[in-house]
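Trainee: I have a new structure open and I'd like to learn how to read it. Could you take me through it feature by feature?

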Amino acid sequence: MASSKKVIMREEWEKRLNHIRIRKEEMNKLVMNFLVTEGYAEAVAKFRMETGTEPDMDVAMIMDRMAVKEAVQCGNVEDAIEKVNDLNPEILDTNPELFFHLQQQRLIELIRNEKIEEALEFAQEELAPRGEENQSFLEELERTVSLLVFKDVSNCPVRELLDISQRLKTANEVNAAILTSQSHEKDPKLHSLLKMLIWAQNQLDEKATYPRIKDFLKATLENPAV
């Protein structure tokens with residue numbers, strides 16, 4: 001049975017794309033939004049000088065946010081909590097899940113540094129009461145404490161909690177919460193645009209055969225299969 005899809009050849013497709021005009025100012029705003037949201041303070045200042053594009057957040061605020069994120073990434077969770085409270089005490093007061101995850105990360109760091117007695121005391125005094133109030137917190141606490149059962153952590157089923165990726169996960173959660181408190185979107189607009197592009201391409205796949213984007217980083221097209 002012949003396909004009912006419309007076939008659009010590469011030459012015609014590229015001609016259509018070339019007719020699309022995007023103002024450089026709009027592209028610069030997208031780039032600046034990405035730099036601000038991801039916290040590249042030095043790049044924000046440099047890009048501002050080069051293009052005249054104004055950031056929607058003061059560079060000092062970006063640096064303060066990155067100081068918190070970097071503290072978590074380095075395992076200095078107590079310092080990170082202190083910095084968050086200096087920025088805005090309501091962030092942790094109104095976000096019990098974030099505060100629990102920060103405290104959980106503190107426990108993980110104690111276990112990582114083999115401070116077993118201190119870890120058990122911290123878990124009992126700071127995290128157990130929160131686990132009694134929230135089932136998901138209790139499950140997370142039990143997973144974390146299970147790290148203490150294994151002498152060889154490589155055999156522990158939750159050994160990923162000791163991975164650097166766990167620090168990054170917590171750091172990104174804190175970063176998002178600070179951005180929200182500052183009335184700023186949590187994710188760069190470029191991420192949303194990319195998701196929309198992928199969705200639109202998947203929708204178009206059902207109706208036409210055309211040069212799809214095969215590499216979003218390089219923006220390369222593949223020839224349509226006729």
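Mentor: Let's start with domains, whose bounds come from an automatic or database domain assignment. The C-alpha centres of domain 1 and domain 2 lie 31 Å apart. The assignment gives domain 1 as 21–56, domain 2 as 59–185 and domain 3 as 188–225.

Trainee: Anything I should know about the model itself?

Mentor: It's a predicted model, where local features need pLDDT of at least 70 and side-chain atom pairs count only at pLDDT 80 or more, while totals for chains, interfaces and linings use all residues. Residues are numbered from 1 along each chain as its sequence is written, and side-chain values use heavy atoms, leaving out hydrogens and water.

Trainee: How many residues of domain 1 and domain 2 are in contact?

Mentor: Contact means heavy atoms within 4.5 Å. Here, nine residues of domain 1 touch ten of domain 2. Buried area is the accessible area (1.4 Å probe) that two parts lose on being put together, summed over both. For this pair it's about 730 Å², with carbon and sulfur atoms giving 59%.

Trainee: And how many salt bridges are there across that interface?

Mentor: A salt bridge is a side-chain nitrogen of Lys or Arg within 4 Å of a carboxyl oxygen of Asp or Glu. The rule finds zero across the interface of domain 1 and domain 2, though the structure holds ten. One of them joins glutamate 26 to lysine 29, with the closest N and O atoms 4.0 Å apart.

Trainee: Why are glutamate 26 and lysine 29 separated by about one helical turn?

Mentor: Because they sit three residues apart in helix α2 (residues 24–38). Helices are DSSP runs (H or I, at least four residues), numbered from the N terminus.

Trainee: How do I read two helices packing together?

Mentor: Fit axes to the C-alpha atoms over the stretch in contact; angles run from 0 to 180 degrees between N-to-C directions. The axes of α2 and helix α11 (residues 189–205) come within 8 Å and cross at roughly 115 degrees. Leu30, Asn33, Phe34 and Glu38 of α2 meet Lys189, Leu190, His191 and Leu193 of α11.

Trainee: Is there another pair to try?

Mentor: Yes, helix α8 (residues 116–133) and helix α9 (residues 135–145), which pack at about 145 degrees with axes 5 Å apart. Among the residues meeting there are Ala123 and Leu127 in α8 and Phe137 and Leu141 in α9.

Trainee: Which residues does aspartate 205 touch?

Mentor: Aspartate 205, in helix α11, touches Lys5, Tyr210 and Arg212, not counting residues up to four places away in sequence.

Definitions and conventions
Helix = DSSP H or I, 4+ residues; strand = E, 2+ residues; numbered from the N terminus.
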